[in-house]
Structures are given as structure tokens and as C-alpha cells.
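Visitor: I'm new here and I like to know how labels get earned. Could you walk me through some of them?

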Amino acid sequence: NFTHGIMHLIQGDVGPFKPGLPVSVPLWLAVNLRQRQRCRLVKPGWMEVARLEEVRDMEKEEVLFTEMPANNIFVVGNIVLDCAKEDIEKADEVMMVLRDIWDIRQAKLRRSVD
């Protein structure tokens, strides 16, 4: 929703920004731009309900932890859903499945300690 040249950040250059064209940026910048209504967020590929349900089902079946589709899945998921819920298709379902995966993993941790 705005036009801006290339931004030179410590992490590397991002941009240029033009209305209607997607640009890959760090999460903190995406959140900042979204809060100022300068953009809309495009959900990560793993944030599909069907994909998360597969992960949840695998997590239920396995005794040990399974590999998650992304690093920091719960942190990124919560940040994206908190700041841009309206940009995410089936956001409530995504949130529910993420919570289910979290709960299953917490239960596994508790069982391993007992």
C-alpha cells in the first residue's frame, strides 16, 4: 500500500516496495508495516489448516517429538495471528490446530518427567 525504495537493513536489503507486489521482509518489519496498515501479510506455506492437521496427527501417533514444518512455529504463528488475523484464511482453525499441537507436545513433556 505504499511506495518506497530499497531499505538497507543490518540483515540485508529489502524492497523496493510497490503497491500490490509482494516483498519478502523480516517478520518484525512485516508486523510494523501491518500495524501501520501499509501492507497485508501473506501467510507462510506451513500455515495451511490441512498441513497443520497432518502435523498434529503425526505428533499424536509418535511417542517422541516430530519435526515441525518451521523453526519457531508457535512464536511466528502467534505473532502473525495476533497482528494480521484478518489476512489469514481460516485463522481461527489455524489457531486451534496450533494450540492442539502445543498441548500434545506439553503432554509429552509431562509424561517424560513422570
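Visitor: What makes the link between the side chains of glutamate 59 and threonine 66 a polar contact?

Guide: In this predicted model, the two side chains come to 2.4 Å. A polar contact is a pair of N or O atoms within 3.5 Å, where one must be able to donate a hydrogen and the other to accept it, and residues adjacent in sequence count only if both atoms are side-chain atoms. Glutamate 59 also makes a polar contact of 2.8 Å with the side chain of lysine 108.

Visitor: Why is glutamate 59 called buried or exposed?

Guide: Its relative accessibility is 0%, so glutamate 59 counts as buried. Buried means under 20% relative accessible area, exposed over 50%, and partly exposed in between, using a 1.4 Å probe and protein chains only. Glutamate 59 sits in helix α2; helices are DSSP runs of H or I with at least four residues, strands are E runs of at least two, and both are numbered from the N terminus.

Visitor: How do you know which residues glutamate 59 touches?

Guide: Contact means heavy atoms within 4.5 Å. Leaving out residues up to four places away in sequence, the list for glutamate 59 includes Phe65, Met68 and Ile104.

Visitor: What makes phenylalanine 2 and phenylalanine 17 an aromatic pair, and which kind is it?

Guide: Their centres are 5.2 Å apart, with 25° between the planes, and the pair is stacked. Rings of Phe, Tyr and Trp (its six-membered ring) pair if their centres lie within 6.5 Å; planes under 30 degrees apart count as stacked, over 60 as edge-to-face and the rest as tilted. Both phenylalanines, 2 and 17, are buried.

Visitor: And why is the pair of phenylalanine 74 and tryptophan 102 described by another angle label?

Guide: The planes are at 80°, and over 60 counts as edge-to-face, so that is the label; the centres are 5.2 Å apart. This pair joins helix α3 (phenylalanine 74) to helix α4 (tryptophan 102), 28 residues apart. Phenylalanine 74, at 17% relative accessibility, counts as buried, while tryptophan 102 has 42% and is partly exposed.

Visitor: How confident is the predictor in the protein chain?

Guide: The mean pLDDT, the predictor's confidence in each residue from 0 to 100, is 92, and 100% of the residues reach 70 or more.

Visitor: Any ground rules?

Guide: Residues are numbered from 1 along each chain as its sequence is written. Local features need pLDDT of at least 70 and side-chain atom pairs 80 or more, while totals for chains, interfaces and linings use all residues; side-chain values use heavy atoms, leaving out hydrogens and water.
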